[in-house]
Amino acid sequence: IIFLDRATTGDGLLTGVVFLDLLRRTGRDLAEWAATVRPCPQVLVNVAVRRRPPLHTHPTIGPAIAAEERRLGRSGRLVIRYSGTEPQARIMVEAESEATVQEVAARLKTVIQREIGL
């Protein structure tokens, strides 16, 4: 979390202080707030690649990404990018169920491996 009015980078201590201040100002109890938090499973899968074409415009990978984004709809999130330091594509999936997270990541991993993997 970045609070641009206070810092230029993420800062865990600052986030904690801002959060505690919010609880104080609203009069909410930490346990009360925590009871409203819904877990959201997430997975990060790395795929070794031999080349790095643009993923979203690749003739096979791009449509596969778009199909998974449609499948997730508003109930999940998908981020696919190349590593900045290694020859890998990174697939991050968040969704309401662990099964969905694993299925989406596995399908995209298969497509990327087939198209540009080692």
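Q: Leaving aside neighbours within four places in sequence, which residues is Pro 41 in contact with?
A: This is a predicted model, with residues numbered from 1 along each chain as its sequence is written; local features need pLDDT of at least 70, side-chain atom pairs count only at pLDDT 80 or more, and totals for chains, interfaces and linings use all residues. Side-chain values use heavy atoms and leave out hydrogens and water. Contact means heavy atoms within 4.5 Å. With neighbours within four places set aside, the partners of Pro 41 are Val 93, Glu 94, Ala 95, Glu 96, Ser 97, Glu 98 and Val 101.

Q: Is Pro 41 buried or exposed?
A: Pro 41 sits in the loop between α2 and β1. Helices (H or I, at least four residues) and strands (E, at least two) are DSSP runs, numbered from the N terminus. Buried means under 20% relative accessible area, exposed over 50%, and partly exposed in between (1.4 Å probe, protein chains only). The relative accessible area of Pro 41 is 18%, so this residue is buried.

Q: Leaving aside neighbours within four places in sequence, which residues does Val 93 contact?
A: Val 93 is one of the contacts of Pro 41. Seen from Val 93, with neighbours within four places left aside, the list reads Pro 41, Gln 42, Val 43, Leu 72, Arg 77, Leu 78, Val 101, Val 104 and Ala 105.

Q: Which element supplies the largest share of the largest nonpolar core?
A: A nonpolar core is a set of buried Ala, Val, Leu, Ile, Met, Phe, Trp, Tyr and Cys residues joined through side-chain atoms within 4.5 Å. The largest one has 23 residues, and Leu 78, Ile 80, Ile 91, Val 93, Leu 108 and Ile 112 touch the most other members. At least two residues each come from β1 (42–48), α3, β2, β3 and α4. The largest share, seven residues, comes from α4.

Q: Why do the buried residues of α3 line one face of the helix?
A: Helix α3 (residues 61–72) buries Ile 61, Gly 62, Ala 64, Ile 65, Glu 68 and Leu 72. These pack against β2 (76–82), β3 (88–95) and α4 (98–116), while Arg 70 and Arg 71 are exposed on the other side. The arc is that of the directions from the helix axis to the C-beta atoms. The buried residues line one face because, seen down the axis, they fall within an arc of 165 degrees.

Q: How far does α1 reach from its first C-alpha to its last?
A: The expected span of a helix is 1.5 Å times one less than its number of residues. For the 15 residues of α1, 21 Å is expected, and the helix reaches close to that, at 21 Å.

Q: Which residue caps the N-terminal end of α1?
A: A polar contact is a pair of N or O atoms within 3.5 Å; within protein, one must be able to donate a hydrogen and the other to accept it, and residues adjacent in sequence count only if both atoms are side-chain atoms. Here a side-chain oxygen lies 2.9 Å from the backbone nitrogen of Leu 13, and the capping residue is Asp 11.

Q: Is the pair of Phe 19 and Trp 33 stacked or edge-to-face?
A: Rings of Phe, Tyr and Trp (its six-membered ring) pair if their centres lie within 6.5 Å; planes under 30 degrees apart count as stacked, over 60 as edge-to-face and the rest as tilted. The whole structure holds one such pair. The centres of Phe 19 and Trp 33 are 4.7 Å apart and the planes are at 65 degrees, so the pair is edge-to-face.
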